[in-house]
Amino acid sequence: MKELQDNKDRLLAVTTFDKNVVVTAGAGTGKTTLLVDRITHLLMREPEPLRITDIIAITFTKKAANEMKIRLRGRLQYFIDRVTKGFSDEKTSYEDKLLCDIMHRYNLSLNQIAERASNAINNMEKAQIGTIHGFAGHILRLYPLEAGLDPDFEEDDGSLFDEHFEREWEEWLDMELSSNPPHGETWKDILRKVSLDKVEILAKDLCRETIPVSSLKNEISRELLNSKLLSWLGQERNKAQALLDQYEGVRKVKMHDLLRKTIDVLNDLSAGIHVSYFNDNIPTKSPRDWLENDYNEAVRIVSIAQGLSTADDSFIQKLIELILPFASSFRRKFVISGNTSFDGLLSFCCNLLKNKLNIRNYLKNHFKSILVDEFQDTDPLQYEIILYLAEIEGKHETDWRGIKLTPGKIFIVGDPKQSIYAFRGADIEAYHKVVDMIVEQGGVIANLSTNFRSNNGIINVVNSMCRRIIRARDHLQPEYVDIIACPGHEALKPVQRVELRLVDTRHEDENDSTEAVEREAIAIGKFLKEEMIGKEVISDSDGNEAPVSPRHIAILLPKLTQVHEYLDVLRRLQIPYIVEGDRHFYGTQEVIDFVNLLRVLDNPWDKIALAGVLRSPLGGMSDRELYELSRLSLPDYRVEGEKPALFTLLKVLADNVSLIPVPEAIHYIFDNSPVLELAASSYNGEQSVANLRKIYKIAETMSDKSNLTLKGFTALLEKKIAVREEEGESLLSEEGIDAVRILSIHRAKGLEFPVVVVGGIHGTPNRGRDAASVMYDWSGGVIGIRIADYGNNAAIMLQDKEKTRQEEEQKRLLYVAMTRARECLVLSGILGKRIYRGSFLSMIRDSAGVSAGDSSVNEIRIDEGIIKQNVIDYTLCTVPGISKKEIRMNGDITTTEKIEELSDLWDRRDKDFRTMKDKRLFITPSWLEKTAAGTPKKKGKSEVSEILSGERSLIIGNIAHYILEHWDFEKDTSLFKAAVEDACSKFMPFPPSSDIISELEIMFETFSGSSAWQELKGAEISGREIPFTIPWDGQVMEGVIDVVYKHGGNIYAADYKTDRVSEHEIADKIKEYTISGKIYTEAVKRCISADVKGFKLIFLRHGKSVNVI
């Protein structure tokens, strides 16, 4: 095979250990393989090989972390297998070549490599390979008290935060707005300008852990403009002056005067002079003497000046001063309640590393290498955590900007062209600043450009388009770098193409946008049905040719707000589909109908909810029937006498659900009404039933954490429906199911599909403003706050920056969408009378020119890229035949038998799920013993002393086991003292405690003078700290045996005990470990195929070795 063009960069990345490495990896260039290669080299390198537990590997998702572990485990197992199986004859596989290179590069034997690989596999689950939130949680659980958290803290998904906020906010308002309010005049000033509900939104933002309270306090006391803000004002003034100078000599237009006013505003603000209101009209059309890009830039700068002229820093400071005490109190109380949010995990971890220097120093020394995947999607708090851990020894900077990095410790992989998660906090400017910091301190950059995913036809189109639309912008976007098709990935089949398909609506009258989207959806559906599925031929993952089936196809949409139009068409055309990542659980009809039912059961006078129940499948009324009934006034279902069967059912349900806990109430409704059966009879029946069962799961989860009432739960669901809170539907899909995947482009990142249809390319990104928001610029330490029409100066700057970022991110979103395709890429949208700026279609037009959308042009060429074009008549986009309202399942009309069959299937699934949930797959001997003895009472959160005592015992036990694992029983026992001190320095996060050292020395002095010691000294040690995994009564038993030895011709397994027990308590301890003894002896017997004489407990504090079995 021809050598890859970026081979040198790939080798540089995985074998550079004396410098920090930044890898810029384009789409499909094998980032995961590179990360696994890097870890492999770290484990095998000479000198100073690392252990797997010395490495932190941060991934963007849990799925990516699991994939990395699977690949790494497979790689290491392959190395181990080569000891017994040898190499393949040709040594042509990737793993064989890598293994040969490692042997030669580090002068290692195959046995040495296998030994290191085996150690890494055995300790894989102890390694920190996971998400940054998982890593932060791990650190906080090691040091909860130092971080200011409850030792038993729980991670909150947001539901408890919302509940806690509502309660605390209401109590605070009761006090603040009472008859004698403490801040009455301030409240009057604020509520004259903004409504209370907007103040609430702002307060909720301030209660989150993303912005330090200290920074907010600084904002209150600040009198002068931030230096970052002053610098920005100067930059914008210079840009305005340059444009004025450039165009002042041409024909005079209104923009000249606007630019002069803008310069005056920016100068006055920089000098601290109050500016007058400036709101002159800005002509939208570019004058003929101006370049369009220059005029758009002038409009942007003038808009900034107008925004700054309305900014009110003093009002915002007054508002924050009022709310901040509440926000600070809320944060403290939420932590005291034993919870922390996902944001809180990062914030507390960052503060712990920043302020607890001894802990930071220990962790810096413990973790020798930090790898980060998808670095461009990392948020600033995560950057800060990584930088603190990468700091050189002997330094303790509290400002990330001053950190000096340890050479060779950081290895980051990212692609700024794929930074598309700004809405989750990803900051592309911060990414560039960290990369610059690494390079300035001697780091190296490796560029991966070979794409292993797509054929060269797709790659050529991607490159030729993106070169033109993705241009360098300071700290927002580097210049586009081409990706290169892997040798052998040529487009040779008809299916291997890029196609632009546009539904032409230019000659239609004003069309409803929903109808236009439906026509586009029909065009996609007919294309898949008539031209793609079963018609085109692709190569499967094994290289064999196969006809295109639904599972080969993905429809990617910029957003899922109108996804139901596409789903409806696929249903009508009987094309199976799965929606992945749909966040509209609270917008599904079955959920809305069920919440209406709960509302009616809670409040019989809720006529709107009753109307919803009556027109739902449960009531079965048509709109006409409901109208006629409402004219007679909707009756009360509780009234005695003759009434419809539905009203009788409602009364029975209402009488019973009010007396039992919420989860049981929902279960009662499921058991005593046909809601599940009716949901199952809908078109998407299985998903509808799963969604209703998810409501039960939500209630079950919430009732475990709070005193939930039916009224409170119903109100909470009602609120989530009203605001359309994002929540995924219950997951049903499996990888092997033969169905078209429909997902957002964001959800598709990291995935690939043979055929990709990018739909809705005519749409524009939603850039609506929040009612109130808090913005934080990490790199500059600037806080922007906006509420209604008011904001501070920093908010104007950050809004402008955010708008520019969104423009660049939209371009990157198109790049991500196009690079998901392996064989065929289809770009689909509506060609209307106007192409909106910022849409994918406008970017395509900018790249291809006016030929894009010209029905006479069948093929568009952009540099080396070739796009097939199909402009479709709007009137052809119809689907005759099936009625939308006809209910079908798998193409057949639903029958009662099928409904019952589906209901039984869900009952079986629910029963199996509960059985599996209650039965652990992996168990340990200690867990089995505790289960047999009965679960002890859980410690209360106030029992901190017991927790600390347990931690001390754990430390002593770990140190003792470590010493005995490495101890040579032929050594002089006087060397125990040095061994204790050495082990303490490794295991204890703080300078070793003298009382712990003393306790260990006394313990080993007793043990070394005992008969138990003499027995081990005279024995043949077969193994120490031996991990095992064996089948055990339908489960997997795993554990570690402290020592296996042969003495007097017999084989024994033994467990060291450091428990503080008296002589007469030893007999009770022996009974407790009877089960463990049987398991350990059985494990040894299975592993060595020999009889085991017995299992012993060796009590180190007493120097006694006691037979258990």
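Good morning. I begin with strands 19 and 20: strand 19, residues 782-787, is joined to strand 20 by two bridges, and the two run antiparallel. Within this pairing, Ile787 stands opposite Tyr790 of strand 20. Please keep in mind throughout that this is a predicted model.

The two strands belong to an open sheet of three strands, ordered 18-19-20 and paired in antiparallel fashion. Its edges are formed by strand 18, residues 772-777, and strand 20, residues 790-791, each of which pairs on one side only.

I turn now to the internal cavities. How many cavities of 30 Å³ or more are there? The count comes to four.

The largest cavity has a volume of about 70 Å³. Its lining consists of Phe161, Cys207, Arg208, Glu209, Phe330, Arg331, Phe334, Val335, Thr340, Ser341 and Phe348. By class, six of these lining residues are nonpolar, two are polar and three are charged.

Which elements supply at least two residues each to the lining of the largest cavity? They are helix 15, spanning 313-336, and strand 5, spanning 339-341. Helix 15 gives the most, with four residues.

Where does the largest cavity lie with respect to domain 1 and domain 2? Domain 1 comprises 6-146 together with 339-452, and domain 2 covers 157-337. Because both domains give residues to the lining, the largest cavity lies between them.

The second largest cavity holds about 50 Å³ of space. Here the lining is made up of Thr24, Gly26, Lys417, Asn447, Leu448, Ser449, Val481, Asp482 and Ile483. In terms of class, the second largest cavity is lined by three nonpolar, four polar and two charged residues.

My final topic is a single residue, Asp54. This residue is found in the loop between helix 2, residues 31-44, and strand 2, residues 55-59. Is Asp54 buried or exposed? Its relative accessibility is 5%, and the cut-off for a buried residue is under 20%; Asp54 therefore counts as buried.

Which residues does Asp54 contact, once its neighbours within four places in sequence are left aside? The contacts are with His366, Phe367, Lys368 and Ser369.

To close, I return to two points. The largest cavity lies between domain 1 and domain 2, with helix 15 giving the most to its lining. Asp54, in its loop between helix 2 and strand 2, is buried and in contact with His366, Phe367, Lys368 and Ser369. Thank you.

Methods: Residues numbered from 1 in each chain as written. Predicted model: local features only at pLDDT ≥ 70, side-chain atom pairs only at ≥ 80, totals over all residues. Heavy atoms only, no water. 1 Å grid on protein atoms, 1.4 Å probe; cavity = no way out; pocket = protein on both sides within 12 Å on 5 of 7 lines; lining within 4 Å. Points joined across faces, edges and corners; volume = space filled by probe spheres on them. Nonpolar A, V, L, I, M, F, W, Y, C, P; charged D, E, K, R; others polar. Domains from an automatic or database assignment. Buried < 20%, exposed > 50% of the residue type's maximum accessible area, 1.4 Å probe, protein only. Contact = heavy atoms within 4.5 Å. Pairing = 2+ DSSP bridges.
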